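Reader: Hey, could you walk me through this one? I'm new to it and would like the basics before the details.

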Amino acid sequence: MFARMVQIENTKLFKSRLFWVELAILAGLVVLLFGGMFALSQVLPDEALEAQVAAAMYWPASLNTAMGLASSGGLGGLLIMVLASVLVAHGYSHRTFSLWLGRGMPRPVVLLAQFAVLALAAALLVATATVVGGLVSVLITLGAEGSLTFDAVNYVQLGLSILRTTFTLLPYVAMTMLFAVLTRSAAGTLGLSVGYALLIESVLTQVLLFAGETGRAVVKFVPATLAASVNSLNNSTLVTATVNGQAPQIPMLDPVPAAIGLALYTLVFLGLAVWQFRRQDLTA
C-alpha cells in the first residue's frame, strides 16, 4: 500500500512543471555562479583573493561549491520548501487527499509517501547542482589550465556528500509539510516556511551570536547550524582538501550529534504533521 502511494506521488512529482522549473533554475544559477566567478577572477587586482575565487570554481573544489548552492544554507532549502508547499497544499485544494482516503488509503501512508517523494526531489536538486557544477568547472579548468585530474575526487565520498546534503534538507521538508497541514494553503505555507528561513534562522541567529554564551549555545541547535556541521564532512570529497585553519564564526556541534539533531527535528515535524492530518475533517 505504501509502495503504491509512493509510486502515485512520484508520478505526480515528475509531471509537476514546478519541479522541472526548479531544476532548471538551479542549473542555470550554477552556470551563472561559475561564469561570474570566472569573470571576477580575471579582473581582481588582489592575487590572493583571485586565487580563492579560482579555487572555488576549478576542478575538483567546484563540486563542493555547486553542492553548497543546493544545500539548506543555499538555494536548495528555499526550492524544496516551495515545492513541498505546493505539492502538499494541492492535496487539499485539488481534493486528492479526500480521493485517496475515500478509497481506503490510511492517512499516515498518504503523508509519509509524500515525504518520501519530496526527499527524492531534494536528492535530485542536490545531484543536479553537483553534476552541472562539475561539468562547467571541467570546461573552465581545461580552458584555464589545459588539463585536470579526475583521480583528485573520492567518488564514494562524493556520493555520500550528496546524500548528506540531501539529509540536511529533510527537516525543512518535514517543517513545510507541517505548515501545509496546519494552513491547508500553499501561500500560507510558503509564507511561514520562508519567513522562518529568512527571519528566524538568518536574522535571529545573528542576533543570538551577540547575546553571550547562552545565545551562542542556542545557535548550535538551530537546524541551519546542525546542517552546516554535517555538510562540513563534504570536504572529504576531495582527496587533497585544504583547510584555512580559521575557527568558524558560528559555534557548531560535531557532525554525528548534529546529524542526530537533524533527524530529531525531522521526526518531530513529520510526526506532528501526521498527528494533525489524522485529526482533520477533510469533508469541509
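Author: Here is a short chat about the overall fold, one residue and a few aromatic rings. This is a predicted model, where local features need pLDDT of at least 70, side-chain atom pairs count only at pLDDT 80 or more, and totals for chains, interfaces and linings use all residues. Residues are numbered from 1 along each chain as its sequence is written, and side-chain values use heavy atoms, leaving out hydrogens and water.

Reader: Cool. How many helices and strands are there in the secondary structure?

Author: Twelve helices and zero strands. Both are DSSP runs numbered from the N terminus, with at least four residues (H or I) for a helix and at least two (E) for a strand.

Reader: And how compact is the protein?

Author: It is as compact as a globular protein of that length, because its radius of gyration is 20 Å, close to the 19 Å from the globule rule for 284 residues. That radius is taken over C-alpha atoms, and the rule is 2.2 Å times the number of residues to the power 0.38.

Reader: What share of the residues counts as buried?

Author: 45% of the 284 residues. Buried means under 20% relative accessible area, exposed is over 50%, and partly exposed is in between (1.4 Å probe, protein chains only).

Reader: Switching topic: where is Thr168?

Author: Thr168 sits in helix H8, residues 155–183. Thr168 has a relative accessible area of 0%, so it is buried.

Reader: Which residues does Thr168 touch?

Author: Leaving aside residues up to four places away in sequence, Thr168 touches Ser72, Ala227, Val230, Asn231 and Leu262. A contact means heavy atoms within 4.5 Å.

Reader: Now the rings. How many aromatic pairs does a search of the whole structure find?

Author: Seven. Rings of Phe, Tyr and Trp (its six-membered ring) pair if their centres lie within 6.5 Å; planes under 30 degrees apart are stacked, over 60 edge-to-face, and the rest tilted.

Reader: Why is the pair of Tyr92 and Phe97 called edge-to-face?

Author: Because their planes are at 85°, with the ring centres 5.0 Å apart. Tyr92 counts as buried at 11% relative accessibility, and Phe97 does at 2%.

Tyr92 also forms an edge-to-face pair with Phe277, at 6.4 Å centre to centre and 85° between the planes. Tyr92 is in helix H5 (residues 75–93) and Phe277 in helix H12 (residues 255–279), so this pair ties together parts 185 residues apart in sequence.

Reader: Is Phe277 buried or exposed?

Author: Buried, at 0% relative accessibility.
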